[in-house]
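Let's take a walk through this structure together, one stop at a time. Keep the sequence and the 3D view side by side as you read.

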Amino acid sequence: MFNLLILLTERLGLIMILAFLLVNMRFFRNLIKQRTKKSQIWLTIIFSLFVILANLTGVEITNSHEVFMPALITSLTQADSIANTRTLVITTASLTAGPYVGMIVGLVGGLHRVLFSNFSDYFYIFSSIIIGLVIGKISDHVKQGNLYPSNGWVILLGITADLIQMGFIDLFRGFALVRLIFWPMVILNTIGTFLFVEILKTYMSNEQQLRAVQTKDVLELANKTLPYFRQGLDMDSAHHVCKIIKNYTNFDAVGLTDQVNVLAHVGAGSDHHIAGEPILTDLSKSVITTGQRRIVYSATAIGCPQPHCPLAAAMVVPLEVNHQTMGALKVYFTDARKLTVVEENLVTGLQNIFSGQLAMGLAEEQASLVTEAQIKELQVQINPHFFFNAINTILALIRINPDKARHALMQLSIFFRSSLQNGQATQITLQAEKQHVDAYMDIEELRFPNRFILTYDLQINDQVLVPSFCLQIFVENAIKHAFKKTTQPGHIKISARPVADNQVQIQVQDDGCGMDAQLCQQLGQQPINETNGTGTALYNLNCRLRNLYGNQSTLQVQSNSAGSTFTIVCPIQIVKEAQPYADSHRG
């Protein structure tokens, strides 16, 4: 029995070596992860070859219970038996691929055992099929969603498989043979099954951990490169991106190109792969022309004209936006052996990420251009309201008071000069906006002497940027609508004060007659078509606010019988340092 144990251990070692080599194949590991029809066929073929090998490498036992270990067992007399690792292979096939693969592998192993024993011992066919079925069914039941059962179940199922086999041997060949082979085969087949599954579990666990680490690094890399790729492909952004990639990877050199020139090259070969110069290598030119990635393992294939270039292997992938090649990402190695499947997968992932980031940057740029165009269009719609009123005022004053008409014309000139100077800007300083409102009020004062009193309460720097012409719209709205039902002077107050999150709150208040709740809700949310209304101007302003700062800065309107308040909030952005306005009063 001890000699048999030693001999079977040697055979087990051979099977374990082959199993280790098999587990190292990514193709095999991928087959195990999902039970598709294709994977089941491949696993059946692989384990069938293993089970035949287990039969051929068994230990021969004669009728007198003598033990022999030929190199390969190709034939067997009807009186002789073999001790082998066939049960181990059937068990592992059932554990990894399920009961149906286990049954077919058992059938192949049993048939082969019968064939080289001159068509004797047919019971091995049935015992092998039953082992595959029973172990596979129990394994699937106890896996609990995992790829494999727990270690305890693996050991128990390994023992169960051999007990089934021993039961058939005892029934058809006698207890004497069982007594000779029981402990060696049970021990070694169980250990072999455990080791095979443990090797597979360990390798796949390490692979998952490696992928997790790589995923973390790639996500950090992508996060750091995103701000630069959103700027587009230029020499400055490309240089920063290449430095980031080099720091996070084992590449000996990293380069980025546009369609014609080298934008950046960091690492080996940077003395002649120079940013701003035309692309040197035939490899990069080929990738940009064809839009297909290339992997090469020699300096000759890279095609650098510099004879002493240290680059010995490379992978170059196109960076595409909307199916158009915008440039190329190039990674180089000074030793071709460093360019492995891991590096290939990493570069392919970076290619997809960087192409997406470039597309995102381009989309943001286009959206910004559209937004700016919309803002310009909305600004143009605002000024005509005041212009026609001012012209009418001047026409009236020319007949009754030419001096006031001349003064009004000068104020109108100041107003529109301010409009022209600031009309192209989406934001202007609070100081410029105040001057614009003052010019407007000077003209309105000529139309309605002592009718309106405007005051300021400015608690922020007058160089803070605000949406252009926003205050004039609120003041104009108050003058035209708030004081219709009173003959008393109307008060308008403009206030600006800092609030939380580095923002400024701007309010324009009046003590007029207010407005009904329905109109209050509609202002700024939709155009209001009224003969004398400024609902459209407020709606346009609200659109500008959303485009500039987002929904959090939309216009807020409150109104009751004591007056109305218009509020906007925008981030504090200061052009330059200046003394803040002191509270002032204008009557």
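**A helix, its patch and a loop**

We begin with helix α3, which covers residues 37–56: its 20 residues reach 29 Å from the first C-alpha to the last, close to the 28 Å expected at 1.5 Å a residue. Bear in mind as you look that this is a predicted model.

Which residues of α3 are buried? They are Ser39, Gln40, Leu43, Thr44, Ile46, Phe47, Ser48, Phe50, Val51, Ala54 and Asn55.

Now turn to the surface, where a nonpolar patch is formed by Met25, Phe27, Ile41, Trp42, Ile45 and Leu49. Together these residues have about 590 Å² of accessible area. Helix α3 gives the most to this patch, contributing four residues. One patch member worth a pause is isoleucine 45, which is found in α3. Isoleucine 45 counts as partly exposed because its relative accessible area is 43%, and partly exposed covers values between the 20% limit for buried and the 50% limit for exposed.

For the last stop, move along the chain to alanine 275, in the loop between β5 (262–267) and α10 (282–290). Is alanine 275 buried, exposed or partly exposed? With a relative accessibility of 33%, alanine 275 is partly exposed too. Its contacts, leaving aside neighbours within four places in sequence, are Met235, Val262, Leu263 and Ala264. You can also trace the separation between alanine 275 and histidine 265: they lie 10 residues apart along the chain, and their C-alpha atoms are separated by 6.5 Å.

Definitions and conventions: Residues are numbered from 1 along each chain as its sequence is written. This is a predicted model: local features need pLDDT of at least 70, side-chain atom pairs count only at pLDDT 80 or more; totals for chains, interfaces and linings use all residues. Side-chain values use heavy atoms; hydrogens and water are left out. Helices (H or I, at least four residues) and strands (E, at least two) are DSSP runs, numbered from the N terminus. The expected span of a helix is 1.5 Å times one less than its number of residues. Buried means under 20% relative accessible area, exposed over 50%, partly exposed in between (1.4 Å probe, protein chains only). Patches are made of residues with over 30% relative accessible area and no salt bridge: like charges are joined within 9 Å, nonpolar side chains (Val, Leu, Ile, Met, Phe, Trp, Tyr) within 5 Å. Accessible areas come from the Shrake-Rupley method with a 1.4 Å probe; for residues, only the protein chains shown count as cover. A salt bridge is a side-chain nitrogen of Lys or Arg within 4 Å of a carboxyl oxygen of Asp or Glu. Contact means heavy atoms within 4.5 Å.
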